[in-house]
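Let's go through some labels for this model and ask what earns each of them.

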Amino acid sequence: MRSIASAPGKVILFGEHFVVYGVKAILCSIDKRITATSKFLDEPKIRIKSELGDAEIDLDALSDLNSIPIRFMRPFFHIVKETLKEFNEKIGMEIILSSEIPAGIGLGSSSAACVAVTASVTGLFNKKSKEQILKRAIESERIIFEDVSGADSSISTFGGLMLYGKNGFEKIDSKNNLSFIIANSNQVHNTREVVLNVRKFKNDNEVMFTKMCEQENELVTNALSALKEDDLNKLGSLMAKNQKLLEKINVSTDKLDLLIKEASKTSYGAKITGAGGGGCIISLVDESNASTTLENLKKNSDCFIAKVDFNGLSYS
Ligand code: PMV
């Protein structure tokens, strides 16, 4: 018997960095998925295979997850451990991951993997609600990223668009069929480092930063109405304004600036998505300008088109 589950990645449409200081962010699920396929093994081993590496341990080694050399795989073993404990089982299994989400560039691949692995492994025993799966997925991510907010796992589980703030998540009731070109700068970034640099900027420029938070707040409010009105021109110009704020807090780079400039020639608007300092940009398009924007960006980046995913976690 095989248990298959898949979960989507995400982009941040508005509010990255400012969300750390109380502004709400808008997250959007994208139609690029990670799929986990699990099955029982006859031997007492847990084996995980992915495009980024494979790992295999004895069942008994589940008691010491810190000994697993590939760090990003520890949450998956944690999921197996907790699920076996819950169902009072001691049985080997294999989990195979396959992904359409480029890893490590702020598109939520590790959270989507935790959500998909949780649903797939649990599915070998029983079916659980999305809420229950989300809870275990977040708990498993926290074993390697202690302070993870759970935003990426939440949007991956439920799909669509979501308003995310310090007090939790709110689904945005939208069926907007948004399309984006996502372009990867291929510059490696470290979210934690960029967040710390922004903190320093804030501490050195308190008054200016407070004003910027107010401006970001207004952008988010206006973006919610643009979504309601399905007004791409308005939404794109708000994204461009958000980008200006991100540039002011120094999270853009020459490469990202170049990609934004190229994307802005033809799309409704473009901005960094996620922490910046590298990683990706997104540009809002529709069928009238998607292919020209893609061609423009192809000269300087790996890029692809993505649409909103309204399904979130898919499992049986
Ligand atoms: O690069 P990502 O998708 O992990 O986004 C980071 C978002 C920040 O606002 C920069 C940090 C945070 O914890 O919210």
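**Contacts, cores, rings and sulfurs**

Q: Which residues does F77 touch, leaving aside those up to four places away in sequence?
A: F77 touches I46, I48, A55, I57, L62, L65 and I68. A contact here means heavy atoms within 4.5 Å. A word on the source: this is a predicted model, where local features need pLDDT of at least 70 and side-chain atom pairs count only at pLDDT 80 or more, while totals for chains, interfaces and linings use all residues. Residues are numbered from 1 along each chain as its sequence is written, and side-chain values use heavy atoms, with hydrogens and water left out.

Q: What makes a set of residues a nonpolar core?
A: Its members are buried Ala, Val, Leu, Ile, Met, Phe, Trp, Tyr and Cys residues joined through side-chain atoms within 4.5 Å. The largest such core has 91 residues, and L13, F77, L178 and I182 have the most contacts inside it.

Q: Why is this core said to lie between domain 1 and domain 2?
A: Domain 1 (2–174) and domain 2 (179–307) both give residues to it, so the core lies between them. The domain bounds come from an automatic or database domain assignment.

Q: Why is the pair of Y21 and F209 called edge-to-face?
A: Rings of Phe, Tyr and Trp (its six-membered ring) pair if their centres lie within 6.5 Å; planes under 30 degrees apart count as stacked, over 60 as edge-to-face and the rest as tilted. The centres of Y21 and F209 are 5.2 Å apart and their planes stand at 80°, so this pair is edge-to-face. Y21 sits in the loop between β1 (2–14) and β2 (25–40), and F209 in helix α6 (residues 206–229), 188 residues apart. Helices (H or I, at least four residues) and strands (E, at least two) are DSSP runs, numbered from the N terminus.

Q: How do you know whether F209 is buried or exposed?
A: Buried means under 20% relative accessible area, exposed over 50%, and partly exposed in between (1.4 Å probe, protein chains only). F209 has a relative accessible area of 1%, so it is buried.

Q: Why is C28 not counted in a disulfide?
A: A disulfide needs a pair of cysteine sulfur atoms within 2.5 Å. The closest cysteine sulfur to that of C28 is in C280, 14 Å away, so it is too far for a bond. C114 gives a similar reading: its closest cysteine sulfur, also in C280, is 19 Å away, too far for a bond. By this rule the count comes to 0 disulfides.
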